[in-house]
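Work through the exercises below with the sequence and the structure side by side. Try each task before reading its solution.

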Amino acid sequence: MSDLPEPEVRPGDDVDPPGGPWKSWKSIYTTLAIWGVVCILFLIWITSTLNIDVGEAPMDAEAAVTASAPEVAP
Amino acid sequence: MTAIDWGVFGLYLFGVMAFALWQSRRNEGVEGFFLGNRRMPWWAIGLSVMATQASAITLIGTTGQGYTDGMRFVQTYLPLPFAMIVLSVVFVPFFYRAKLYTAYEYLEKRFDPKTRTLTSMLFLIGRAMGTGVIMYAPAIVLSTILGWDEVVTISIMAVVTIAYTVTGGITAVIWTDVVQMLMMFLGIGLAIVFMISGLPDGVGVADAAYIGGVQQMWNAIDFSWDPKSRYTIWSGLIGGTFLFLSYFGADQSQVQRYLTADSERDSRLSLIFNGFMKVPMQIAILGIGVLMFAFYHFEQPPIVFNDAEVRVVMESDRAQEFEDLSVTFAEAHAERRATVMEILDARDAGPVPPALEQTLAAQDEELLGLRDDAKAIVADVRGAESNDTNYIFPTYLTEYFPIGLVGLMIATIFAAAMSSIDSELTALSSATVIDFYRRWFVRDATDGHYLWASRLATLFWGLVAWGFALRAGQGGSLIELVNQVGSLVYGSILGGFLLAFGVKRAHGTPAFIGILCGFGTILYIYYTTDIGWLWWNPIGVGVVMGVGTLLSYVMTPPSEPARA
């Protein structure tokens, strides 16, 4: 179909490795994929632990303040 | 702003110009202007990729979104690390080894000239008007907050950016992007530090997080399948994947960045760098919004953050009604503050009584309701819906940030805008000169001729964006329309590339028809349905791939392959 150079599209293409702590492209892609999963798990953890289920809110906020915290100054 | 803030801001503008001009001395010919002679380091490209995507709207709009809607918007960014892997494995080898100037050149090499021209034209349509919006949207917010004339704000942004982009080309753009991205990191960090230190004595980060939790602001992941919910994990992962593949794989403003690398390795590393950094950055930006939400439980927020809207209402016959609402809002805030202080005392002693948490949640709702009532008055008086989300963070900055840092933060917002505008201008210019001027009109001129054509094209698109930004305010709905135009074209262009990479039998005319069908389908969906924009890209890709593949099997391929 064309005269384009044929890229060898392989995840494990180590002709020109990334360098640093990563010995191969496969290892850096794996690290990045794990990082993506860690981000998702972190956000799931945030959602499940930091959000507070307060249940049904009282009908009248002012009445609730008075009922639950009578010592609060008006 | 004080004189010191003005000094800091002026220093930024002068510094960025001088730095860009100094960096541009290394440019040689048209390859230097558009590709930096292909010798940029991966980390600079990676920062430029991030800076191009993060416009001023990211900084001021996303923090505002965090304040009003919590963390849920982050779900759109979750597939980004995985998309970077796909781009690095599939797209970069095809683009880099073909030694391209623009992404669309590849489609001529693979298919034919008309497919290249169509996709490049779709890109120009989507990006040209979008660049005006990138210039206009932050300018209108900054003008309101700082009391400047809109024309002045837009013009400062336009003149400085056009000047260094025309002079320095991609080299100046990438190196200024590096500085501007580092400024954004600094700005985000400072915002978090000062927001935490601005909490009352005895109130810590855990307390602020708790206050956000009562109002469900830490809603970062939503597993529901509710189609009415704009941001869920599913729409984020599916729609976001296609969005990022389209943006980073088929949009010249991003492809041009990683074509400047001096090796395929560096091209890949720049994307990998982005994959590691982007999600934490978005978490931090949205987190600023949630922290602001908690902060404004102790300090009274304005009932409507856009001062210009408030002024219009106060000169109308509904001024008294708005004033009364503001008084009620202040009283409700004082009551809520008292509840919060009581809850924090209770937290020190042990578990917080559920009734107190319910009370705080109800008071949050009450204040939100009053804000909605105020915004309804604004909408009624102005005859247009009130949206003050983009004004929340700049309002906070100007009211609570220390002298000097206000100037730095305003410079950071300018930097965010300029680092996107400059990239769009070089991308528009490269598509115009390489895909149209050199391809169809003047094929055999000297390198110097094309260099000057490139500078003129950059100037032309800069002036178009500037002009559009200056006139954008005359039509409110224009902004929304232009934003959607960008999303209308992405899926079809990406479909063309995926057809080229993935379907060996695909050839020119079926690809061309497929792209047209994809674009037509998205236009039809836009005009006749309310399907969310995140779904437009996968649908566009599906139509292009389906029609293109089917027709490639039905139609006879040309005996001679098309050549560039």
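Two residues are in contact if their C-beta atoms, placed from the backbone, lie within 7 Å. The model used in these exercises is a predicted one.

**Exercise 1. The overall form of chain B**

Task: Describe the helices and strands of chain B, and state how its radius of gyration compares with what the globule rule gives.

Solution. Begin with the secondary structure: chain B has 21 helices and zero strands. Next, take the radius of gyration of chain B, which is 25 Å, and set it beside the 24 Å that the globule rule gives for 564 residues; the two are close, so chain B is as compact as a globular protein of that length. The C-alpha trace of chain B spans about 80 × 50 × 50 Å along its principal axes. Then turn to burial, where 57% of the 564 residues of chain B count as buried. Finally, consider contacts in chain B between residues at least 6 apart in sequence: 85% of these join residues at least 24 apart.

For chain A, the corresponding description is two helices and zero strands, with 20% of its 74 residues counted as buried.

**Exercise 2. Two packed helices**

Task: Determine how helix α4 of chain B is oriented against helix α16 of chain B, and which residues meet where they pack.

Solution. Two packed helices are described by the angle between their axes and the distance between the axes. Here α4(B), residues 56-69, and α16(B), residues 392-400, pack at an angle of about 95 degrees, with their axes 7 Å apart. Angles of 65 to 115 degrees count as roughly perpendicular, and that makes α4(B) roughly perpendicular to α16(B).

The next step is to list the residues: B:I60, B:T63, B:G64 and B:Y67 come from α4(B), and they meet B:I392, B:F393 and B:P394 from α16(B). Sorted by class, this contact has five nonpolar, two polar and no charged residues.

The last step looks at the surroundings of α16(B), in which B:I392, B:F393, B:P394, B:T395, B:Y396 and B:L397 are buried. The buried residues of α16(B) pack against α4, and also against α7 (113-146), α12 (264-295) and α17 (405-441) of chain B.

**Exercise 3. Two domains of chain B**

Task: Locate the two assigned domains of chain B and describe the contact between them.

Solution. The domain assignment gives domain 1 of chain B as 3-297 + 398-473 and domain 2 of chain B as 307-384. The centres of these two domains, taken over C-alpha atoms, are separated by 35 Å. Their contact takes eight residues from domain 1 of chain B and eleven residues from domain 2 of chain B. On the side of domain 1 that touches domain 2, helix α9 (residues 205-214) of chain B gives the most, with four residues. By class, that side of domain 1 has four nonpolar, three polar and one charged residues.

**Exercise 4. Buried or partly exposed?**

Task: Decide whether B:S24, B:R38, B:Q216 and B:E357 are buried or partly exposed.

Solution. The cut-off needed is that a residue is buried if 20 or more other C-beta atoms lie within 10 Å of its own, exposed if 12 or fewer, and partly exposed in between.

- B:S24 lies in the loop between α1 (3-23) and α2 (29-35) of chain B, and it is buried because 23 other C-beta atoms lie within 10 Å. B:S24 touches, among others, B:T167, B:G168 and B:T171, and although B:S24 and B:T171 are 147 residues apart in sequence, they are 5.8 Å apart in space, C-alpha to C-alpha.
- B:R38, in the loop between α2 and α3 (42-53) of chain B, has 17 C-beta neighbours inside 10 Å and therefore counts as partly exposed. The phi of B:R38 is near 50 degrees, a positive value in a residue other than glycine.
- B:Q216, in the loop between α9 and α10 (233-250) of chain B, is partly exposed, with 18 other C-beta atoms within 10 Å. The phi of B:Q216 is also positive, near 60 degrees.
- B:E357, in helix α15 (residues 354-382) of chain B, is buried, with 22 other C-beta atoms within 10 Å. Leaving aside neighbours within four places in sequence, B:E357 is in contact with A:I52, A:V54, B:V214 and B:V352.

Key
Residues numbered from 1 in each chain as written. Chains lettered and ligands numbered in written order. Predicted model: local features only at pLDDT ≥ 70, side-chain atom pairs only at ≥ 80, totals over all residues. Rg over C-alpha atoms; globule rule 2.2 N^0.38 Å. Axes fitted to C-alpha atoms, helices over the stretch in contact; angles between N-to-C directions. Parallel < 35°, antiparallel > 145°, perpendicular 65-115°, else oblique. Nonpolar A, V, L, I, M, F, W, Y, C, P; charged D, E, K, R; others polar. Domains from an automatic or database assignment.
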